Structure formats: structure tokens, C-alpha cells
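Open the model in your viewer and keep the selection panel at hand. This tour goes stop by stop, saying what to select and what is there.

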Amino acid sequence: MKPKSQRLVLVGAALVALLAAVLLAMWGLREKASYFYTPSELDRAAVGKAIRLGGMVEQGSLVRNDALTVQFAVTDGKDKVTVVYRGIPPELFREGSGVVAEGKLLPQGLFVADNILAKHDERYMPPQLGNIAAEHEAGKTLDK
């Protein structure tokens, strides 16, 4: 076999191996994607399958049933879904804020969350730094 043919075969084999590696990686990570459904898209989600639901916590919908059970509505502006979560919600969780709930959709349309991830806006400041930032914005120097 001529050297030119050998190189062509090696390049072809390398491309096939690279394509196979990419396809295997995509297949292995397909369940690990961070995509979430909005309330309007839940009709495409499988009932009983573990999914993520994302949107805003609707104003006036937050109800604490007992010390550990929270019920609220997640909305995307078009539709809303009632979510029930048993556990301690994150500190940033409140009405009007963004939320991603991980759990399962029940046949009656209720979403039972196993985990809640609260989002914050770009102006978020940890409570420990909140007073320092407020003083700085008011024109006070940090040296005084």
C-alpha cells in the first residue's frame, strides 16, 4: 500500500473514531441536560418522570401548610402550575422570584418537588456584604 493511501485510511479511521466518541458522549449525557420545562410546556413532559419546572413564584400563591410543607404556583406569564414541596426552601425563595423545581408531575396536574433551586437577579448581594454596599452607594467611604 502506498504512503498516500495509508494516510487516507488513517485519517478516515480517526474521523470515524472521533464521531463515535462524540455520539457516545452525547448519548451518555442526554439525561443529564439542565433543561427545564415552563408551565406552558408541561403538556410535552411525561407524567411521573423526573423533570425540572422553571418559572416565577406567583405573587400571593405561597402557602405554608406546616413547618416543612410549602405550596405555591409557578408561572411563566401564560400558564401556572401548583407545586408542593416538603422540606426547607432556600433563603432566596420568595414570591415574585425565579425558581427551578426538580420533581415529578402527577396525572392531576400537581407538581411534587423533591428539590427547589431559587434564582436571584444580577443585583444580588450576600447579606454579609449588604450593609457595606449600601454605605458605599450612599457616598460614605469604607475607610471611615
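What follows is a walk from the overall fold to the core, the charged pairs and a few single residues.

**Stop 1: the whole chain**

Show the cartoon first. The model is predicted. Look for two helices and six strands. Trace the chain from the N terminus, and the elements run α-β-β-β-β-β-β-α. Of the 144 residues in the protein, 24% are buried.

Now switch on the surface. The accessible area is about 10600 Å². Carbon and sulfur atoms own 60% of this surface.

A contact map is worth a glance too. Take the contacts with a separation of 6 or more: 45% of them join residues 24 or more positions apart.

**Stop 2: helix α1**

Select residues 3–29, which form helix α1. Then colour Val-11, Leu-15, Leu-18, Leu-19, Val-22, Leu-23 and Met-26. Together they make a nonpolar patch on the surface, with about 700 Å² of accessible area.

Pick Val-11 from this patch. Val-11 sits in helix α1. Its relative accessible area is 47%, so Val-11 is partly exposed; the cut-off for exposed is over 50%.

**Stop 3: the core**

Which residues have the most contacts inside the largest nonpolar core? Select Leu-42, Phe-72, Val-83 and Phe-111. The core they belong to has 19 residues. Five strands each supply at least two residues of this core: β1 (50–57), β3 (69–75), β4, β5 and β6 (111–118).

Centre on Val-83 and show its surroundings. Leave out neighbours within four places in sequence. Val-83 then touches Leu-53, Val-70, Gln-71, Phe-72, Val-74, Ala-101, Phe-111 and Ala-113. Two of these, Phe-72 and Phe-111, are also among the residues with the most contacts inside the core.

**Stop 4: the salt bridges**

Side chains of opposite charge can pair when their charged atoms come close. How many salt bridges does the count give? It comes to three.

Start with Glu-102 and Arg-52, whose side chains meet at 2.8 Å, N to O. Glu-102 is in strand β5 and Arg-52 in strand β1, so this salt bridge links parts of the chain 50 residues apart. Arg-52 is partly exposed, at 28% relative accessible area.

Next, select Glu-58 and Lys-80. Their closest N and O atoms are 3.4 Å apart in a salt bridge. Glu-58 belongs to the loop between β1 and β2 (63–64), while Lys-80 is in strand β4, and 22 residues separate the two in sequence. Glu-58 is partly exposed at 24% relative accessibility. Lys-80 is exposed at 52%.

Finish with Arg-86 and Asp-66, a salt bridge with its closest N and O atoms 3.7 Å apart. Arg-86 lies in strand β4 and Asp-66 in the loop between β2 and β3, so the pair ties together parts 20 residues apart in sequence. Arg-86 is exposed, with 56% relative accessible area. Asp-66 is partly exposed at 40%.

**Stop 5: Thr-75**

Go to Thr-75 in strand β3. Is Thr-75 buried or exposed? Thr-75 counts as buried because its relative accessibility is 16%, and buried means under 20%. Its side chain reaches the backbone nitrogen of Gly-77 at 3.1 Å.

Expand the selection, again skipping neighbours within four places in sequence. Thr-75 contacts Pro-39, Gly-55, Met-56, Glu-58 and Lys-80. Glu-58 and Lys-80 are the salt-bridge partners from the previous stop.

**Stop 6: the loop between β4 and β5**

Select Ser-97, which is placed in the loop between β4 and β5. Ser-97 is buried, at 7% relative accessibility. A polar atom of its side chain lies 2.7 Å from the backbone oxygen of Arg-94.

What is Ser-97 in contact with, leaving aside its neighbours within four places in sequence? Highlight Gly-55, Met-56, Val-57, Leu-92 and Lys-119. Gly-55 and Met-56 also contact Thr-75.

Last pick: Ile-88, found in the loop between β4 (80–86) and β5 (98–105). Ile-88 is exposed, with a relative accessible area of 69%. Draw a distance from its C-alpha atom to that of Thr-69. The viewer should give 8.0 Å, for two residues 19 apart along the chain.

Methods. Residues are numbered from 1 along each chain as its sequence is written. This is a predicted model: local features need pLDDT of at least 70, side-chain atom pairs count only at pLDDT 80 or more; totals for chains, interfaces and linings use all residues. Side-chain values use heavy atoms; hydrogens and water are left out. Helices (H or I, at least four residues) and strands (E, at least two) are DSSP runs, numbered from the N terminus. Buried means under 20% relative accessible area, exposed over 50%, partly exposed in between (1.4 Å probe, protein chains only). Patches are made of residues with over 30% relative accessible area and no salt bridge: like charges are joined within 9 Å, nonpolar side chains (Val, Leu, Ile, Met, Phe, Trp, Tyr) within 5 Å. Accessible areas come from the Shrake-Rupley method with a 1.4 Å probe; for residues, only the protein chains shown count as cover. A salt bridge is a side-chain nitrogen of Lys or Arg within 4 Å of a carboxyl oxygen of Asp or Glu. A nonpolar core is a set of buried Ala, Val, Leu, Ile, Met, Phe, Trp, Tyr and Cys residues joined through side-chain atoms within 4.5 Å. Contact means heavy atoms within 4.5 Å. A polar contact is a pair of N or O atoms within 3.5 Å; within protein, one must be able to donate a hydrogen and the other to accept it, and residues adjacent in sequence count only if both atoms are side-chain atoms.
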